[in-house]
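User: I would like to learn how to read strands, sheets and a chain interface from a model. Please take me through this one.

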Amino acid sequence: MNTATPPGRIVLEDVGISFGRNGNHVEAVRRISFEIGSGEFVCLLGPSGCGKSTLLNAIAGFVHPTEGSLTVDGEPVLGPAADRGMVFQHHSLFPWKTVLANVEFGLKMRGIGQHTRRGLARTFLHMVGLGGFEHHYPAQLSGGMQQRVGIARVLVNEPRVMLMDEPFGALDAQTRLMMQELLLEIWQEVKTTVVFVTHDIDEAVFMADRIFVMTSRPGEIKAEIKVQLPRPRSPEVMTSPAFSELKRQCMAMVREESLKAMGGAVSPGRTWRSVAAR
Amino acid sequence: MSTSFASAGSAALAKRAGAAWSLSGLLDGRPARVAVRIAACLAGVAVWQVASIYRVDFIVNFQNIPSPDQVARASVDLLRSPKLFLHIGNSLRRVFAGFGAAAVLGVALGLVIGRSRLAEDSLLTPLELLRPIPAVAWIPLAILMFASSEGSIVFITFIGAFFPILLNTIHGVEGIDRNLIAASRSLGAGPWAIFREVVLPGSLPSVVTGLSIGMGTCWFSLVSAEMISGQFGIGYYTWEAYNLQKYPPIVVGMIAIGLLGMGSSALVRVVGTLLMPWRRLEQAKDR
């Protein structure tokens, strides 16, 4: 299992994704090209409905690009697989399985014996700080704890890529910050590639190596922002001038796109011109 | 979806049935409320006793209605008689056979129809056409369809239980959170593993609801069938008492049917609770 973990390099070339046929054709994302290196932490940032989750679902293999190519380590993505594990926003733990059985799930699917998978699952539960909760059911855990189980359930499979779809979006601010720190700690340990979808600018700047800011629908890459804040990062970094500057850049771009998406609800005159100009 | 109307109806039915079947509701709450509830039941029996003693004939004719004390004496007679086990034994055997077949077939078909569009289109439409026909309406045809009256009674029992089980199972499968299916796929589960690890446990709460409702409708159908074509059985006992003009046993039969139906539905729910330890935690959290 530990032999030559593949690097987890993601390459998108001119990826476009559309849904529906004939009459209700919706173009979710358009002409997306980027490369994510092995072990990199990348955030997809954009207003809601910009297609960032669609893009993540394409890397996961739940949806297929209608145009362009999407490869992980040179292989085209054909469907979901445990080496591209996904942490969902919420409600994705199996409610009928204990915490331990949830984490074991991927290993069970690979046919690994019960004794081995118990041991591995326990190791990863300890990593996310949930040793002692093995026999609880998800309903007995708080939202933050449930997401930690979700992370352990993905990481136990030693994935090349971990995909995260606004995993902390439903948590309160304090818990969210603690989860962000925990995730960074774990990521520095396991060094898997992370693609993290969020609309929270602070979250993106605090966590990412690079941020791709997306336009409103159809989503395109508006900008790539390199976050060169030193690691390991602690919440104190959020008060630094460098952080504020990055945040300011992101905010300006996200705001511009949100205004476009809202179609004039905030400042009609300006949006009218920007729509007309397109 | 063609099943949504039916499912919504059966879900509402399940809620009401759940309330109606919980005898423990009588004893929940503050002592004063419990006392009122018990007093209300006793008052009902008292009114019945008085009405039958004075042979009230106003809208409802109490002249031939046995009084509570006569019913109590008839109950004791039945409890002492060897026929009790014969009747109840026969009824239980028929319910076991009819309900068992309905459970196996209803759950199996429900799982397949819930998962496969082809199965939904090919199987569900004819079944939906048969569903509005009450089990009792099948009795004449059932007598023609089966060589023995025993076979036709079991068939009627089966029909009574089958549709609630089928529809609730379909409802349960279709109601499974899509996130859970997606999560299992992204963890490497194939179609069979999704079925076994997600669809089966995910639909279980709804399946148990269906089984519980099916158990109730199954007794209802059984009694009707026994009254018309049976030999032995608790429905037969009740009808025979009427034909022989032994009126108190009619009410004894009615009470026995109620108790047996309530008991077997409670049994289904107890088994369901044991199968789903996580449900208690979720419900506790909801409160």
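User: How many residues are in the hairpin that joins S9(A) to S10(A)?

Analyst: A note first: this is a predicted model. The hairpin runs from S9(A) to S10(A) through six residues.

User: In which sense do S9(A) and S10(A) pair, and over how many bridges?

Analyst: In general, the strands of a sheet pair through backbone hydrogen bonds, and the sense is either parallel or antiparallel. Here S9(A) and strand S10 (residues 221-226) of chain A pair in the antiparallel sense, with five bridges. To place the register, take Val213(A): its bridge partner in S10(A) is Ala223(A).

User: In which sense does S3(A) pair with S9(A)?

Analyst: Strand S3 (residues 41-45) of chain A pairs with S9(A) in the parallel sense, over four bridges. One bridge links Leu44(A) to Phe212(A) of S9(A).

User: Is S9(A) mostly covered or mostly open?

Analyst: A residue is called buried when 20 or more other C-beta atoms lie within 10 Å of its own. By that count, four of the five residues of strand S9 (residues 210-214) of chain A are buried, and the strand is mostly covered. For the whole of chain A, buried residues make up 42% of the 278 residues.

User: What is the strand order in the open sheet of four strands?

Analyst: The order is S2-S1-S4-S5 (chain A), and the pairing is antiparallel. At the edges are strand S2 (26-36) and strand S5 (75-76) of chain A, each of which pairs on one side only. Inside the order, strand S1 (residues 10-19) and strand S4 (residues 67-72) of chain A share five bridges in the antiparallel sense. Glu13(A) has Ser69(A) in S4(A) as its bridge partner.

User: Why is chain A said to agree with a compact globule?

Analyst: The test compares radii of gyration: a compact globule with 278 residues would have one near 19 Å, and chain A has 19 Å, so the two agree. Along its principal axes the C-alpha trace spans about 65 × 45 × 35 Å. Contacts add sequence separation to the picture: of those in chain A between residues at least 6 apart in sequence, 70% join residues at least 24 apart.

User: How many residues of chain A are in contact with chain B, and which elements give two or more of them?

Analyst: In chain A, 22 residues are in contact with 17 residues of chain B. The elements that give two or more residues to that side of chain A are strand S6 (84-87) and helix H2 (99-109). H2(A) gives the most, with three residues. By type, the side of chain A that touches chain B has 14 nonpolar, six polar and two charged residues.

Definitions and conventions:
Residues numbered from 1 in each chain as written. Chains lettered and ligands numbered in written order. Predicted model: local features only at pLDDT ≥ 70, side-chain atom pairs only at ≥ 80, totals over all residues. Contact = placed C-beta atoms within 7 Å. Nonpolar A, V, L, I, M, F, W, Y, C, P; charged D, E, K, R; others polar. Rg over C-alpha atoms; globule rule 2.2 N^0.38 Å. Buried ≥ 20, exposed ≤ 12 C-beta atoms within 10 Å, placed from the backbone. Pairing = 2+ DSSP bridges.
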